[in-house]
Amino acid sequence: MASISLFLSLLLVYWSMAMASTDQASTSFIRTSCSRTLYADLCYSSLSPYASQVGHDPVLLARFAMNVTVGSLKPLSSYIASALRRTPSSSSDQELAALKDCSELISDATDQVKKSEREVTGLEGLVGTQVTWRIGNAQTWLSAAITDENTCMDGFGDGSGGAGEDVEMEVRQKVKRAEQHSSISLALVNGLVKHR
Ligand SMILES: *[C@@H]1O[C@H](CO)[C@@H](O)[C@H](O)[C@H]1NC(C)=O
């Protein structure tokens, strides 16, 4: 009886060590992949929680990056809608228009990143031109999302005053973060080209 429970606890220790080293190998894979993006620290901190699922799979890593990006974009539409309600009535028409444009641009960007995630799903099972085609589509969707995010931020002008400026700064910061996640996703998708 005692030897069985000793055996079981040794097995458990061995198993958790094996799991820990799998995670460690994967986190260093993630760190290396992230070092090739413009925002290595943000990339690593947002993707290392998925290490055990990602393993050493560059396609999965890119897919998780895109889902993280969607996660940063999705709440922005409702955030902007509520920001519009909080915007002082003394705000200029231009400030209100910028926020409204943003709300549309951000919802487009969300769809584009989702489409991109679907393009690379199942890439492992494809060959040749199908792979190039899918990666190309994903790159196009992600670039479009980044353009939309930048257009949204540009709409806020130079920040030289105005009643709604606090709200604009907040939105701009959140969009900037989403744009960084999009840029990370694009870099990881670009990296898929040479894995094929
Ligand atoms: C990303 O999100 C989509 C939609 O929720 C889901 O189908 C997909 O499995 C997710 N991808 C990963 C890698 O978790």
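## Close-up views of a predicted model

**View 1. Glu117 meets the ligand.** In this predicted model, a side-chain N or O atom of Glu117 sits 3.0 Å from a nitrogen atom of the ligand. The protein covers 47% of the accessible area that the ligand has on its own, which is 360 Å².

**View 2. Arg63 and Asn67 face ligand oxygen.** The side chain of Asn67 places an N or O atom 2.4 Å from an oxygen atom of the ligand. For Arg63, an N or O atom of the side chain is 3.5 Å from an oxygen atom of the ligand.

**View 3. The shell around the ligand.** Which residues surround the ligand? They are Leu60, Arg63, Phe64, Asn67 and Glu117. By type, the shell holds two nonpolar residues, one polar residue and two charged residues. Which helix gives the most to this shell? Helix H4 does, with four residues. H4 spans residues 58–86.

**View 4. Helices H5 and H6 side by side.** H5 covers residues 93–120, and H6 covers residues 129–154. Their axes come within 8 Å of each other. The two axes cross at roughly 165 degrees. An angle over 145 degrees counts as roughly antiparallel, so H5 and H6 are roughly antiparallel to each other. The crossing in which H5 passes H6 is left-handed.

Conventions:
Residues numbered from 1 in each chain as written. Predicted model: local features only at pLDDT ≥ 70, side-chain atom pairs only at ≥ 80, totals over all residues. Heavy atoms only, no water. Near = heavy atom within 4 Å. Polar contact = N/O pair within 3.5 Å; in protein donor to acceptor, adjacent residues only side chain to side chain. Areas by Shrake-Rupley, 256 points an atom, 1.4 Å probe, with all protein chains shown as cover. Helix = DSSP H or I, 4+ residues; strand = E, 2+ residues; numbered from the N terminus. Nonpolar A, V, L, I, M, F, W, Y, C, P; charged D, E, K, R; others polar. Axes fitted to C-alpha atoms, helices over the stretch in contact; angles between N-to-C directions. Parallel < 35°, antiparallel > 145°, perpendicular 65-115°, else oblique. Left-handed = near helix turned anticlockwise from the far one by under 90°.
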